[in-house]
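Colleague: I am new to this structure and would like a close look at a single part of it, one helix and what surrounds it. Please take me through it slowly, and then outward from there to the rest of the chain.

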Amino acid sequence: EVLLRMHSVGICGSDVHYWQHGRIGDFVVKAPMVLGHEASGTVVKVGSGVTHLKPGDRVAIEPGVPREVDEFCKTGRYNLSPSIFFCATPPDDGNLCRFYAHSARCCYRLPDNVTFEEGALIEPLSVGIHACRRAGVTLGSKVFVSGSGPIGLVCVLVAKVMGAAAVVITDLSAPRLQKAKEVGADFTIQVKNETPQEVASKVESLLGCKPEITVECTGVEACIQAGIYATRSGGTLVLVGLGPEMVSVPMVHAAVREVDIRGIFRYCNT
């Protein structure tokens, strides 16, 4: 392990949700818990087995640390390990504090040109990377991103870097859509009271075709429905946003058109 003097910690929607509601799905807060998992800091002490870091190093923190080398670790999907430690997921404490001890192998040295704030934002960026990898974004992809919050924005950034030819994004909020334009979205749709089918139709008309890839970042039932209707036959819908446990979706519509529906859980190898 290394002992870190914390510098920058982002506030995630999950942090706010735990604070206000005390649970997310099966993860229930049963005792006082330190929040925070989007973080960077400076190494102040290293354990005896640590060779790649030294005091003074500025690092970004990967909050998920496998506790054992299980089948998921062996296949490179350690984020799915049921026993994983994860900052600020009950009962594991997060890093919104002055000093924090963390596994050295999950601390990554920051280059001099990357600020502490940018270092903390590598964690949400990783969600976008993992989502776009699971979606198969590549050179020339047409991509529909549903939801223009922070995670929707990092998905736009990553999709464009991975070579997407065109990205269309939806949201209720005009200022959020303006921000999406600034980070590289080609088209924006401000949703008001359209049906999911109408949203899908707008996506198709703006792109000139149905997108091969939809990245759903809201978790809202109507948005998931719009994602299924919008995605091209043989395409992929990745569910990033988490909403209610049960949602009604046009499953047959997806099945007969061979639309692959994939989930993501955090990220790995990002």
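Modeller: Helix 8, which spans residues 221-230, has seven of its 10 residues buried, so it is largely enclosed by the rest of the structure. This is a predicted model, and what follows should be read with that in mind. The buried residues of helix 8 are Ile224, Gln225, Ala226, Gly227, Ile228, Tyr229 and Ala230. They pack against three strands, namely strand 10, strand 14 (236-239) and strand 15 (260-263), and also against strand 13, helix 7 (196-207) and helix 9 (251-256).

Two of these neighbours lead on to the largest nonpolar core, which has 27 residues and in which Val137, Val143, Val145, Val215 and Val240 touch the most other members. At least two residues of this core come from each of helix 4 (122-135), strand 10 (142-146), helix 5 (150-161), strand 11 (166-171), helix 6 (174-183) and strand 13 (213-216). Val215 shows how these contacts are spread: leaving aside residues up to four places away in sequence, Val215 touches Ala131, Val143, Phe144, Val145, Ser146, Cys155, Val238 and Val240. Separate from this core there is a second one, made of 16 residues, with Val43, Val65, Phe85 and Cys106 among them.

Helix 9 and strand 15, both packed against by the buried residues of helix 8, are joined by a loop in which Glu258 is found. Glu258 has a positive phi of about 55° although this residue is not a glycine, and that deserves a remark, since most residues other than glycine have a negative phi. With a relative accessibility of 60%, Glu258 counts as exposed. Further along, in the segment after strand 15, lies Asn269, another residue other than glycine with a positive phi, here near 55°. Asn269 has a relative accessibility of 45% and therefore counts as partly exposed, because the exposed class begins over 50%.

A backbone feature of another kind is found in the loop between strand 7 and strand 8 (99-102), where Pro91 has its place. The peptide bond from Pro90 to Pro91 is cis, with omega near 5°, whereas most peptide bonds are trans.

Helix 1 can be set beside helix 8 as a second example of how a helix is covered. In helix 1 (residues 13-21), the buried residues are Ser14, Asp15 and Tyr18. Looking down the axis of helix 1, one finds these buried residues within an arc of 105°, so they line one face of the helix. The general geometry helps here, because an α-helix has 3.6 residues a turn, so residues three or four places apart point the same way. Gly13, Trp19, Gln20 and His21 are exposed on the other side of helix 1, while the buried residues pack against strand 1 (2-10), strand 2 (23-24) and strand 3 (27-28). Just after helix 1 comes Gly22, with a positive phi of about 80°.

Turning to charged side chains, a search of the whole structure finds seven salt bridges. One of them joins Lys179 and Glu182, whose closest N and O atoms are 3.1 Å apart; these two residues are three residues apart in helix 6 and are therefore separated by about one helical turn. Lys179, at 39% relative accessibility, counts as partly exposed. Another salt bridge is formed by the side chains of Lys210 and Glu204, at 3.9 Å from N to O. Both partners are partly exposed, Lys210 with a relative accessible area of 25% and Glu204 with one of 33%. The salt bridge between Asp57 and Lys54, at 3.0 Å from N to O, belongs to a network of salt bridges that links Lys54, Asp57 and Arg109. Asp57 is buried, with a relative accessible area of 6%.

The last stop is on the surface, where Phe27, Leu80 and Phe265 form a nonpolar patch with about 220 Å² of accessible area together. Of these residues, Leu80 has its place in the loop between helix 2 (71-74) and strand 7 (85-86), and at 32% relative accessibility Leu80 counts as partly exposed.

Notes. Residues are numbered from 1 along each chain as its sequence is written. This is a predicted model: local features need pLDDT of at least 70, side-chain atom pairs count only at pLDDT 80 or more; totals for chains, interfaces and linings use all residues. Side-chain values use heavy atoms; hydrogens and water are left out. Patches are made of residues with over 30% relative accessible area and no salt bridge: like charges are joined within 9 Å, nonpolar side chains (Val, Leu, Ile, Met, Phe, Trp, Tyr) within 5 Å. Accessible areas come from the Shrake-Rupley method with a 1.4 Å probe; for residues, only the protein chains shown count as cover. A salt bridge is a side-chain nitrogen of Lys or Arg within 4 Å of a carboxyl oxygen of Asp or Glu. Helices (H or I, at least four residues) and strands (E, at least two) are DSSP runs, numbered from the N terminus. Buried means under 20% relative accessible area, exposed over 50%, partly exposed in between (1.4 Å probe, protein chains only). The arc is that of the directions from the helix axis to the C-beta atoms. Contact means heavy atoms within 4.5 Å. A nonpolar core is a set of buried Ala, Val, Leu, Ile, Met, Phe, Trp, Tyr and Cys residues joined through side-chain atoms within 4.5 Å.
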